[in-house]
Amino acid sequence: MCATVRPNPPVTLPDVTTPLDLSASFKAYDVRGIVGETITVDSVRAVGAAFVDSLELAGETILVGGDMRPSSPEFSTAFSEGATLRGADVLFLDLISTDELYYASGTLDAAGVTFTASHNPAQYNGMKMTRPGAVPVSSETGLKDIQERAERYLADGTIPGVEHQGGTSVRDVLEEYSRFLRDQVDLSSSRPLKIVVDAGNGMAGLTTPAVLGDAMLPALPFEIVPLYFELDGSFPNHPANPLEPENLRDLQAAVVQHGADIGIAFDGDADRCFIIDEQGHPVSPSAITAMVARREIARARAAGESEPVIIHNLITSRAVPELIRNDGGRPVRTRVGHSFIKAVMAEEGAVFGGEHSAHYYFRGFWNADTGMLAAMHVLAALGEQDGPLSELGREYEPYFSSGEVNSKVEDLQASIARAREEFEEDGVVVDSLDGLTFTPDHGNWWFNLRPSNTEPYLRLNAEAVDPETLEGLVERVLAVIRDWPHPAPTGHRLGERPPPPEGASRVGGGSGLAEALLEVLELAREFLGEGAAEALVPLLDALELGGPFGGVDVHGRLDLRRGHVQPGEIQGVPGGHVPDGGLGGLGGSFQALDDPFEHAGVVSEAGPREPAGRGTAEPVDQEDAR
């Protein structure tokens with residue numbers, strides 16, 4: 001597609017005395033690091049050359065684009081320099097969302113890269129790479145080889161040019177991408193909808209007006225209320241990570257304020273979307289998976305497929321496979337992570353796949369994930385009926401979920417072994433597809449334990465038929481895996497809590513707040529020392545929290561008037577609703593609490609504590625929820 005140009009001289013890279021290790025930025029599925037530290041212009045230039053060499057792309061055209069982060073243009077240029085030196089032509093796509101790269105790679109059958117760090121903080125950037133046809137490049141399918149070749153170039157201090165070097169050209173694919181998505185989901189006959197969209201200063205600020213608005217195509221029957229559409233890689237309003245409840249608060253408030261029918265939040269590179277109903281409550285990714293699966297099954301069956309395949313990972317709600325079977329599809333369960341989903345999508349010829357982390361994959365989109373197309377399906381489902389989204393969503397959320405609860409333990413394998421021994425004694429079936437999943441014969445609950453690949457954490461996801469059963473299950477599992485000094489309560493079935501000790505009164509407690517208070521002590525010990533942690537004990541003992549929690553008797557006084565927990569409102573809980581029964585009655589609103597100080601409402605005299613994870617430490621990889 002580009003004319004051959006006269007060969008350029010080799011590019012000189014900084015001399016190093018030992019091979020440079022890029023493992024700090026090369027992950028299992030992409031490249032991601034701190035700009036100027038673990039990802040630099042020189043390392044990106046070397047990766048561009050290695051990308052061409054490893055995938056044998058000399059003489060081919062590759063696609064290069066990037067998001068709104070300040071370093072993306074410079075990195076795009078550096079990657080192009082390395083790639084053209086090794087003989088590839090470069091087609092610059094300029095500002096793109098990640099799913100725009102997938103569209104271009106699929107349509108043009110070309111390999112490509114986009115510079116993005118997705119939901120990660122402003123100091124990060126990275127690379128997501130594809131082979132032709134939007135086939136992902138992971139550590140198992142070429143990323144490790146690219147890393148090793150790039151390290152050799154850096155160690156040698158030079159990238160030699162081949163005789164026939166590549167050239168460059170530019171193409172804007174935004175309008176083509178928008179037309180393609182509109183062809184996938186016809187929204188022209190929808191009833192009028194008011195939609196609040198939170199782009200988080202990310203790429204959805206560019207793609208939303210093009211796809212859902214009238215910036216490039218005829219207007220749809222939608223009124224769009226924009227939140228943070230200005231492209232700004234410093235993320236001045238909130239992190240572009242809707243998986244964290246605090247980053248949804250502005251959208252939730254705006255939906256209610258404007259009387260909107262729906263709220264949509266995108267992450268920084270717009271490959272994931274999160275949905276808020278008209279009451280300001282999140283609709284779970286499992287419910288969205290089921291909702292879109294129903295539409296894709298119907299479309300495939302209408303086209304003659306007898307049993308369309310839908311992919312779901314093992315920690316989505318069990319309502320998902322139940323609905324798939326009821327609608328005439330065949331559910332296929334996979335491990336967590338987009339590389340597994342995409343591989344099984346291709347193997348099974350699946351029409352759709354969904355994950356708990358709000359990644360949604362479509363056969364009609366080269367088995368790739370796209371937040372915008374998923375959002376369009378939800379708008380279509382809402383727009384073709386008269387009821388509110390809250391009613392529609394309830395159809396797809398019959399069970400109660402814990403969300404992901406992370407536990408830092410000293411010995412991962414010992415904790416897992418204790419859980420297996422504890423629950424196998426009850427006759428619970430255990431499978432090991434990804435971590436361990438425990439399912440009893442009666443089917444009233446299930447839970448999964450998965451160790452983190454990068455940190456000493458066990459990740460618990462649980463689901464039950466009612467909030468009381470869920471609460472008891474979570475308490476029992478946490479007591480076992482965290483090896484608390486007292487054994488878990490015995491003599492009662494899950495869902496029934498034993499009476500509090502004599503003299504103790506229970507005023508709600510529940511697993512969420514009790515767990516948070518214990519986490520306060522753990523964090524204090526880790527960051528402030530044992531002495532400071534012990535000094536907190538009298539404060540926590542003064543909280544009015546009664547009853548046993550996982551074998552630990554917690555009781556005392558909770559001063560509601562001081563604002564530790566306000567009835568009817570608690571930060572970090574979807575919808576912010578605390579029923580009369582206290583935190584133990586939250587039901588489907590359980591949430592993984594990354595900052596117990598904030599989410600439990602524990603406030604010092606100096607004010608709320610800064611949320612955890614906002615420094616320069618490597619963030620949890622929520623792209624693949626590993």
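Here is a short conversation about sheets, helices and one salt bridge in a predicted model.

Trainee: Before we start, what kind of model is this, and how are residues numbered?
Mentor: Local features in this predicted model need pLDDT of at least 70, side-chain atom pairs count only at pLDDT 80 or more, and totals for chains, interfaces and linings use all residues. Side-chain values use heavy atoms, leaving out hydrogens and water, and residues are numbered from 1 along each chain as its sequence is written.

Trainee: Which strands stand at the edges of the open sheet with the order β20-β24-β23-β22-β21?
Mentor: Helices (H or I, at least four residues) and strands (E, at least two) are DSSP runs, numbered from the N terminus. Two strands pair if DSSP finds at least two bridges between them, and the pairing in this sheet of 5 strands is antiparallel. An edge strand pairs on one side only, and here those strands are β20 (400–408) and β21 (429–431).

Trainee: What is the bridge partner of Asn448 in β24?
Mentor: Start with the two strands: β23 (residues 445–451) and β24 (residues 457–464) pair in the antiparallel sense over 7 bridges. In β24, the partner of Asn448 is Asn461.

Trainee: At what angle does helix α14 run to β24?
Mentor: Axes are lines fitted to C-alpha atoms, for helices over the stretch in contact (heavy atoms within 4.5 Å). Angles run from 0 to 180 degrees between N-to-C directions. Helix α14 (residues 467–481) lies across β20, β23 and β24, and its angle to β24 is about 160°.

Trainee: How are α8 and α11 oriented to each other?
Mentor: Helix α8 (residues 285–302) packs with helix α11 (residues 371–383) at about 80°, with axes 10 Å apart. Angles under 35 degrees count as roughly parallel, over 145 as roughly antiparallel, 65 to 115 as roughly perpendicular and the rest as oblique. The two helices are therefore roughly perpendicular.

Trainee: Which residue forms a salt bridge with Arg299?
Mentor: A salt bridge is a side-chain nitrogen of Lys or Arg within 4 Å of a carboxyl oxygen of Asp or Glu. Arg299 and its partner are 3 residues apart in helix α8, so about one helical turn separates them. Their closest N and O atoms are 2.7 Å apart, and the partner is Glu296.

Trainee: Which residue in β13 stands opposite Ala265?
Mentor: Strand β12 (residues 262–266) and strand β13 (residues 273–276) run antiparallel, joined by 4 bridges. Both belong to an open sheet with mixed pairing, in the order β11-β10-β12-β13-β14. Opposite Ala265 stands Phe274.

Trainee: Which handedness does the β-α-β unit of β15, helix α9 and β16 have?
Mentor: Strands β15 (residues 309–313) and β16 (residues 330–334) pair in the parallel sense over 5 bridges. A crossover is right-handed if, with the strands pointing away from the viewer, the path from the first strand over the helix to the second runs clockwise. With helix α9 (residues 319–326), this unit is right-handed.
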